[in-house]
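Visitor: I have a model open and some questions about it. Can we go through it piece by piece?
Guide: Yes, put it up and start anywhere.

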Amino acid sequence: MRLTPREIEDRLEEAAYTLRNLPEKDRPRGYGNSWPPVVHDARHAYGYTPERPMRVIPSAAAISRMEECFDWLLMLNPEDARIIWLRAEGARWRQVCIRAGVVRSTAWRRWVAALLTISKKLEKLDKSKSKGKGAKPLTATARNQPRESAADTEDNPLDPSNFGRDTFPGFDA
């Protein structure tokens with residue numbers, strides 16, 4: 001699975017959104033009670049107050065994708081990872097430049113290079129995983145014995161007379 005830098009950017013933005021919407025369990029809750037709020041005005045009693053957006057708790061799949069993005073950030077040096085994460089959170093370039101201590105063109109160049117680095121490293125990891133699945137380990141008996149050529153064997157597989165029904169099971173000529 002090859003991810004383009006644009007797809008990586010989208011996944012990082014989704015990870016920042018997911019992290020922002022996670023419930024904070026370690027934060028102090030403050031004062032609270034179980035009683036409903038007291039209504040002092042009749043117009044507030046019937047829902048004429050401004051709407052508050054509904055809080056959406058991220059799914060387990062979104063949290064898994066977020067954790068995967070955190071692993072991607074570990075592939076980069078810390079300065080580039082900071083630039084990448086600030087942009088994923090939606091920070092403007094001016095704020096990114098101030099926090100990273102670089103000019104805008106340098107910040108943009110490092111951002112693009114970091115996205116490409118993540119893409120290349122993911123592709124390299126994917127290739128190494130697929131290469132490991134198909135490789136067969138050599139056994140000691142196969143390594144120690146010399147290979148026989150097709151001409152030296154009695155049953156030469158290249159000989160047309162050996163192409164019978166027993167060579168190809170299920171083949172009816």
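Visitor: Where is arginine 87 placed?
Guide: Arginine 87 is in helix H4, which covers residues 78–88. Keep in mind that this is a predicted model.

Visitor: Which class does arginine 87 fall into, buried, partly exposed or exposed?
Guide: Partly exposed, because its relative accessible area is 23% and the buried class ends under 20%.

Visitor: What does arginine 87 touch, not counting residues up to four places away in sequence?
Guide: Arg92, Trp93, Val96 and Trp111.

Visitor: And how far is arginine 87 from glutamate 9, C-alpha to C-alpha?
Guide: The separation is 8.8 Å, for two residues that stand 78 apart along the chain. Glu9 and Arg87 also both line the largest cavity.

Visitor: How many cavities of 30 Å³ or more does the structure hold?
Guide: One. About 50 Å³ of space lies in the largest cavity.

Visitor: What else lines the largest cavity?
Guide: Besides Glu9 and Arg87, the lining has Leu12, Glu13, Ile84, Ala88, Trp111 and Leu115. By type, that lining is five nonpolar, three charged and no polar residues. H1, H4 and H6 each supply at least two of them.

Visitor: Back to the tryptophans. What kind of pair do tryptophan 93 and tryptophan 111 form?
Guide: An aromatic pair of the edge-to-face kind, with 5.6 Å from centre to centre and 85 degrees between the planes. The pair links distant parts of the chain, as tryptophan 93 sits in helix H5 and tryptophan 111 in helix H6, 18 residues apart. The structure holds two aromatic pairs.

Visitor: Is tryptophan 93 buried or exposed?
Guide: Tryptophan 93 counts as buried, because its relative accessibility is 11%. Tryptophan 111 is buried as well, at 12%.

Visitor: Which residues of H4 are buried?
Guide: Asp80, Ala81, Ile83, Ile84, Trp85, Leu86 and Ala88.

Visitor: There's an aspartate in that list. What is the relative accessible area of aspartate 80?
Guide: It is 14%, so aspartate 80 is buried. Leaving aside neighbours within four places in sequence, aspartate 80 is in contact with Arg110 and Ala114.

Visitor: What about the backbone just after H4?
Guide: Glycine 90 takes a positive phi there, about 95 degrees.

Visitor: How many residues are in the largest nonpolar core?
Guide: There are 26, and those with the most contacts inside the core are Ile8, Leu12, Trp72, Leu73, Leu76, Ile84 and Val96. Helices H1 (5–21), H3 (60–73), H4, H5 (93–100) and H6 (104–134) each supply at least two residues of this core.

Visitor: Which residues does valine 96 contact, leaving aside its neighbours within four places in sequence?
Guide: Ile83, Leu86, Arg87, Ala91 and Ala107. The contact with arginine 87 is the one that came up earlier.

Visitor: Last topic, pockets. What is the volume of the largest pocket?
Guide: About 230 Å³. The lining has 10 residues, and the closest to the pocket's centre are Glu68, Leu122, Leu125, Asp126 and Lys129.

Visitor: Which elements give two or more residues to the lining of the largest pocket?
Guide: H3 and H6. H6 gives the most, with four residues.

Visitor: How do the residues of that lining divide into nonpolar, polar and charged?
Guide: Six are nonpolar, four are charged and none is polar.

Methods: Residues numbered from 1 in each chain as written. Predicted model: local features only at pLDDT ≥ 70, side-chain atom pairs only at ≥ 80, totals over all residues. Heavy atoms only, no water. Buried < 20%, exposed > 50% of the residue type's maximum accessible area, 1.4 Å probe, protein only. Contact = heavy atoms within 4.5 Å. Core = buried A, V, L, I, M, F, W, Y, C linked by side-chain atoms within 4.5 Å. 1 Å grid on protein atoms, 1.4 Å probe; cavity = no way out; pocket = protein on both sides within 12 Å on 5 of 7 lines; lining within 4 Å. Points joined across faces, edges and corners; volume = space filled by probe spheres on them. Nonpolar A, V, L, I, M, F, W, Y, C, P; charged D, E, K, R; others polar. Phe/Tyr/Trp six-rings, centres within 6.5 Å; stacked < 30°, edge-to-face > 60°.
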